[in-house]
Amino acid sequence: MPVVEKSVRAIPLIRSIVSELRKAGTTSTVRSTPYYKFCVGQLRGHQLTQKLFCKGPNEVEHIGETYSTYLRSTRLLQELQYQYKGGERDIEKTANLVGLTTTAKPKSTPKKVDGDEKKTE
Amino acid sequence: MRTSRRPHAAPHTDLALATADRTVRRRLARWSRLLSIEPNVDVDRVTTRGRALNDAAARAQAAVVAAASTAIIRRWAANTQPDSQRPPGLASSRCVALATRRHRRSYRRLDKIINCSWLQRRSFLSLPVFLLPILPSEALALAIAQEWDAQKKTLRMDHMRLTGLAFTAIDNPLRLDTPTIIKQIIDYLETDTVFFMASEPDKLVELQKLHWGELLKWSNETFGLDVRPTESILAGPVISEQSRLMMERHLASYDRWALTGYQYAVEAVKSLIIILATVAHRLSVEEAVRIAALEQLFQTETWGKVEWAHDIEHHDLCSRVAAGVLFVHLTSNRESTTKTIARA
């Protein structure tokens, strides 16, 4: 009688993959995408045993975990890069640092504008 | 009773023209006849592992796999778009680079270069169509499609690592062949992270013995190597000639596509042994990256972490190693699809 190999990590794995796919974003729903169906199909197909066609004992699980890590780390990297992207302040804010304000921006047909800088003490 | 067939729209003529081999063309013709039958069939996927295929057989198999995966993806397209048009010819990845130079997600521009209206139907698959006949496995095609699908207003090519690896493997800009890539990977063995052990402080030494020691023991046993780490700066690690040959022979069992991914992962963590263990399913990617930066882990446990440096580096390494290892696995298994037709 064949022994059913129960994998403890299979369900958390598919949940993490689906959650990462959802967070990554698609143009349509995740369930209609072919990559979702492929992932689910693979895990269902290897439910009884992972040792199909000379695969290792935990091969499909490991590849699934690798994919989940890939999606997760790419997403977190993007978020951190967005958060810490830095950049320059614009001129208005730079002037405000030392208590100055900038003059009004000239319109397309420039009139004569008094270039007084208001100093606050 | 014969099922009615759709008119043979010659979907594989471009691929067939590209392959001069007559047997391959015959096989492709048989595949296109088989795969254009109405879906009243059972699809059994037969996975064959063909790492050590010889050249002609590998090309033939690759062409068949490409045809199969193209046909499968085209069948999905047919389900959403009944008037499936003739697919475009093969275009090099430079076309995509040209189209995306402004890094806008402008599928219409691609549409002008490649005459195909599929790209406008983003609902089912957003994959550069020129990649379809070239990728060796369906899983890789789907993973790359997911990367493209996840892009928002601008294309961030630095976050689409599998696409980048596929482009490198297709274009091969440095004109590398398999022995050259193997040599470049083996060069990392001499300065492998795992061989250089510290002699103090005690806690670091313990950590290194625990993680690196176990790893070295496992790799020596599994691959028949004879490598010993070193604690001094002057004397290098002891790597016997036999170990080098064993590593070369092991790496030679992968093809050029898989080695592209392998090299990418090795260059990310600067260690061949760690990637050896990761590809052999002994380590997970997170563990591999933690082990590779063990001294940094030791320091951050004592002194704390800085998010914009440590975490960014950690996630960057994880995504690189994961992409490389995934590429190795997804290109190493040759999949072919056979259909059993239910006779009425």
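**Close-ups of a two-chain predicted model**

**View 1. One salt bridge ties chain B to chain A.** Across the interface of chain B and chain A, the rule picks out one salt bridge. The partners are A:Arg72 and B:Glu286, whose side chains come to 3.3 Å, N to O. On the chain B side, the elements giving two or more residues to the surface that touches chain A are strand 1 (41-48), helix 6 (138-149), helix 7 (161-171), helix 13 (285-292) and helix 15 (307-332). Helix 15 of chain B gives the most here, with 13 residues. Keep in mind for this view and those that follow that this is a predicted model.

**View 2. The wider interface between chain B and chain A.** Pull back a little and 44 residues of chain B are in contact with 32 residues of chain A. How much area do chain B and chain A bury between them? About 3400 Å², with 63% of it on carbon and sulfur atoms. There are also 11 residue pairs in polar contact between chain B and chain A, counting pairs with both residues at pLDDT 80 or more. Sorted by class, the side of chain B that touches chain A has 19 nonpolar, 11 polar and 14 charged residues.

**View 3. B:Tyr262 and the largest nonpolar core.** This core holds 85 residues, and the ones touching the most other members are A:Tyr67 and B:Tyr262. Helix 15 of chain B supplies the largest share of the core, 10 residues. So who sits around B:Tyr262? Leaving aside residues up to four places away in sequence, B:Tyr262 touches B:Ile185, B:Leu251, B:Tyr254, B:Leu272, B:Ile275, B:Leu276, B:Val279, B:Gly324 and B:Val328.

**View 4. B:Asp311 and B:Lys305, a buried residue paired with an exposed one.** The closest N and O atoms of this salt bridge are 3.4 Å apart. Is B:Asp311 buried or exposed? Its relative accessibility is 18%, and the cut-off for buried is under 20%, so B:Asp311 counts as buried. B:Lys305, on the other hand, has a relative accessible area of 58% and is exposed. Over in chain A, salt bridges with shared partners link A:Arg9, A:Glu61 and A:Glu65 into one network.

**View 5. Two salt bridges between partly exposed residues of chain B.** In one of them, the side chains of B:Asp158 and B:Arg156 meet at 3.1 Å, N to O. B:Asp158 has a relative accessible area of 39%, so it is partly exposed, and B:Arg156 falls in that class too, at 34%. In the other, B:Asp226 meets B:Arg228 through their side chains at 3.4 Å, N to O. Here B:Asp226 is partly exposed at 34%, and B:Arg228 is partly exposed at 45%. Over all chains, the count by this rule comes to 12 salt bridges.

**View 6. Chain A, helices and no strands.** Chain A has four helices and zero strands, which reads as α-α-α-α along the sequence. Of its 121 residues, 31% are buried. What share of the contacts in chain A between residues at least 6 apart in sequence join residues at least 24 apart? The figure is 48%. To tie this chain back to the earlier views, A:Arg72 is the chain A partner in the salt bridge with B:Glu286, while A:Tyr67 shares with B:Tyr262 the distinction of touching the most other members of the largest nonpolar core.

Technical notes:
Residues are numbered from 1 along each chain as its sequence is written. Chains are lettered from A and ligands numbered from 1 in the order in which they are written. This is a predicted model: local features need pLDDT of at least 70, side-chain atom pairs count only at pLDDT 80 or more; totals for chains, interfaces and linings use all residues. Side-chain values use heavy atoms; hydrogens and water are left out. Contact means heavy atoms within 4.5 Å. Buried area is the accessible area (1.4 Å probe) that two parts lose on being put together, summed over both. A salt bridge is a side-chain nitrogen of Lys or Arg within 4 Å of a carboxyl oxygen of Asp or Glu. A polar contact is a pair of N or O atoms within 3.5 Å; within protein, one must be able to donate a hydrogen and the other to accept it, and residues adjacent in sequence count only if both atoms are side-chain atoms. Ala, Val, Leu, Ile, Met, Phe, Trp, Tyr, Cys and Pro count as nonpolar, Asp, Glu, Lys and Arg as charged, and the others, Gly among them, as polar. A nonpolar core is a set of buried Ala, Val, Leu, Ile, Met, Phe, Trp, Tyr and Cys residues joined through side-chain atoms within 4.5 Å. Buried means under 20% relative accessible area, exposed over 50%, partly exposed in between (1.4 Å probe, protein chains only).
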